[in-house]
Structure formats: structure tokens, C-alpha cells
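Reader: I am new to this structure and would like a close look at a single part of it. Please start with the aromatic side chains and work outwards from there.

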Amino acid sequence: MERLIDITIFLGKTGQPFRGHNEKDESNNKGLFLELTDLLKKYNSLTKNHLENGPKNAQYTSNYIQNDIIQSINNVLKQKLSAIFKNKFVSIMADETSDCGHHEQLSIVIRCYDSNKNRPVEYFVGLLRLMSTNFQSIFDSLNSCIGNFGIPWSSVISVCFDGAAAMAGCHNFVQIKCKEKNENIFYVHCYAHCLNLVLIDSIGHKNRVLFDFFGTVQLIYAFLEGSSTRHAVLEKVAKEVNTKLVTLKSL
């Protein structure tokens, strides 16, 4: 089981898929979980003996067991995080956006002070599916998430959201719902969103110098990266002037 757990952690850390399209014994690609298990048994006699000579109904490699291992790891991580957050003041950062499948998702990060590292640390604790983007649905998801880690609202000293009305509105929105739980909570506007607004204002049509500058940069990108031939010339020039240029990026 320890070896199977290590395989699960490895695939989870690297963001790789577990399952294969065809997981039968004669398949050339049974999926990463089973392929790694087969690779491990070539160099480990214990694993080989278990998979080849052990009972077929207790090999612990089925998709159900894989899900059980993932859930068990999740439970252990939640217990460790709950211990870290216990009796500590925390800040909550949250933002919602839609993924490529048009599902609304709420990402939640908890920030607290680590006395061992002598600095604040941040923990990504959840990515929750939202069935509705109104303030009550967002707050309920946020409340449920921090409740899973045993964090009382009295320990929350600040919340950080973007400037969207549902999140930062001053009349019965997520910010206000948080302050109903703890009137001493500070609301902090997301710094990255502030910088984004500054950037948008700075390159607006009112400032023609900056607007033209960034427009020229974008034209250079479109000209060079729109053709593999021109990009090859760019690489050649970069090599001649000893510049570590790989590619240009779009604005």
C-alpha cells in the first residue's frame, strides 16, 4: 500500500491522469497508475509477488481503490492543515472564475503566520464548483470551506477579493456577509487587480504615447511570431548577439 500511495502522490503532484483508455492486460498503455505499478514490480520483489501471486480480489489497483487512496490523502492533508490553522489568526483570499468547460469555480487561499519560518505563508485549500454566482452562494461555499478546517470567523482578520460587486459590494454582499460573522474583519482589494486597473488606465486612449508604444510592441510580436521563418531569423539574431531569447510574448 505504501508503494501505491507513493504512486498516487507522484501522479497528483505532477498533475497527470491516472486512468487509461484500455486497461486490459494486453493493452500497450493501461494508464499511468497501472503502468507505474508494472514498472515498479520489475525492480521490487514485494510488489511483484503481491501482484502476481496475491489474491486477485485484493490487488488494490482498481479505479475504486485509486479513488479511495486519493480521498484518504485528502483527509490527511486536511487534518494537517487544520492543525496548522488551529488557534491562529488567518486571512482569506478568494476569487471566482469560469474554466474551459464554462463551470464557475471558486478558488480559496488561506494566509497565516508561520512561527517556524518567521514569515506569512499561504495555503491553497480549495477549488469549489459554484452552481450560482450570487453573493449568498459564494459566501456559503466560503463558509463551508473554512468550516472544514475548523477555522472560526473570530480568527479571520481580513478577506481579500477583487472589486466585483458580488464580492466587494457594500450592501449585503460577500464582504458584508463576512463582517456579519466578525465585525472586525478588514476587506482588502486584491493588489493584482488594482495593478491591472492601473495598467488599463495608463494605456488608455487618453495617453497616446503609452498606447502607441504597447501597440507597436504587439505589432512586433504579431509580425515575428506569426511566421516560423521570421521566428527562425529572430533566433539566429539572438544567438549572434548572445541573448537568451526564446520567443516573444503577446501583450
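Author: F139 and W153 are both buried. The model is a predicted one, and in it these two residues form a stacked aromatic pair, with 5.7 Å from centre to centre and 20° between the planes. F139 belongs to helix α5, while W153 sits in the loop between α5 and β4, so the pair ties together parts that are 14 residues apart in sequence.

F139 has a further partner, and this one is charged. The charged end of K177 sits over the ring of F139, at 5.9 Å from its centre. K177 is itself one of the buried residues of helix α7, which spans residues 174-181. The others in that helix are V174, Q175 and C178. These buried residues lie on the same side of α7, because they cover an arc of only 165° around the axis. They pack against α5 (135-148), β4, α6 (165-168) and β5 (186-189). Helix α5, which holds F139, is thus named among the elements that the buried side of α7 packs against.

The pair of F139 and W153 is not alone. How many aromatic pairs does a search of the whole structure find? It finds seven. One of them joins F85 and Y123 in an edge-to-face arrangement, 5.7 Å centre to centre and with 75° between the planes. F85 lies in helix α4 and Y123 in strand β3 (residues 119-130), so this pair ties together parts that are 38 residues apart in sequence. F85 counts as buried because its relative accessibility is 3%, and the cut-off for that term is under 20%. F85 and Y123 also belong to one aromatic cluster together with F149.

A second charge placed over a ring involves R230 and F223. R230 lies over the face of F223, at 4.3 Å from the ring centre. R230 falls within helix α10, which covers 228-240.

Strand β4 (residues 156-161) has already come up as an element that α7 packs against. It is joined to strand β1 by four bridges, and the two strands run parallel. Within this pairing, S91 has S158 in β4 as its bridge partner. Strand β1 (residues 90-98) is also joined to strand β2 (residues 104-114), here by nine bridges and in antiparallel fashion. D95 is bridged to S107 in β2. The strands β1 and β2 form a hairpin with five residues between them. In the turn of that hairpin, H102 has a positive phi of about 65°.

A positive phi deserves a short remark. Most residues other than glycine have a negative phi. Y60 is another residue with a positive value, its phi being near 65°. The place of Y60 is the loop between α3 and α4, and with a relative accessible area of 37% it is partly exposed. N242 also has a positive phi, near 60°. N242 is found in the segment after α10, and its relative accessible area of 71% makes it exposed.

The loop that holds Y60 also holds Q59, between α3 (45-53) and α4 (63-85). Is Q59 buried or exposed? Q59 counts as buried, because its relative accessibility is 18%. The side chain of Q59 reaches the backbone oxygen of L51 at 2.8 Å. Leaving out residues up to four places away in sequence, Q59 touches L4, H50 and L51. L51 therefore appears both in the list of residues that Q59 touches and as the residue whose backbone oxygen the Q59 side chain reaches.

One more loop residue can be set beside it. N22 is in the loop between α1 (2-14) and α2 (32-43). At 32% relative accessibility, N22 counts as partly exposed. The side chain of N22 reaches the backbone nitrogen of K24 at 3.1 Å. Apart from its neighbours within four places in sequence, N22 is in contact with S27, N29 and K30. The C-alpha atoms of N22 and I110 are separated by 40 Å, and these residues are 88 apart along the chain. I110 falls within strand β2 of the hairpin.

Notes: Residues numbered from 1 in each chain as written. Predicted model: local features only at pLDDT ≥ 70, side-chain atom pairs only at ≥ 80, totals over all residues. Heavy atoms only, no water. Pairing = 2+ DSSP bridges. Buried < 20%, exposed > 50% of the residue type's maximum accessible area, 1.4 Å probe, protein only. Arc of directions from axis to C-beta. Contact = heavy atoms within 4.5 Å. Polar contact = N/O pair within 3.5 Å; in protein donor to acceptor, adjacent residues only side chain to side chain. Phe/Tyr/Trp six-rings, centres within 6.5 Å; stacked < 30°, edge-to-face > 60°. Lys NZ or Arg CZ within 6 Å of the ring centre and 35° of its normal.
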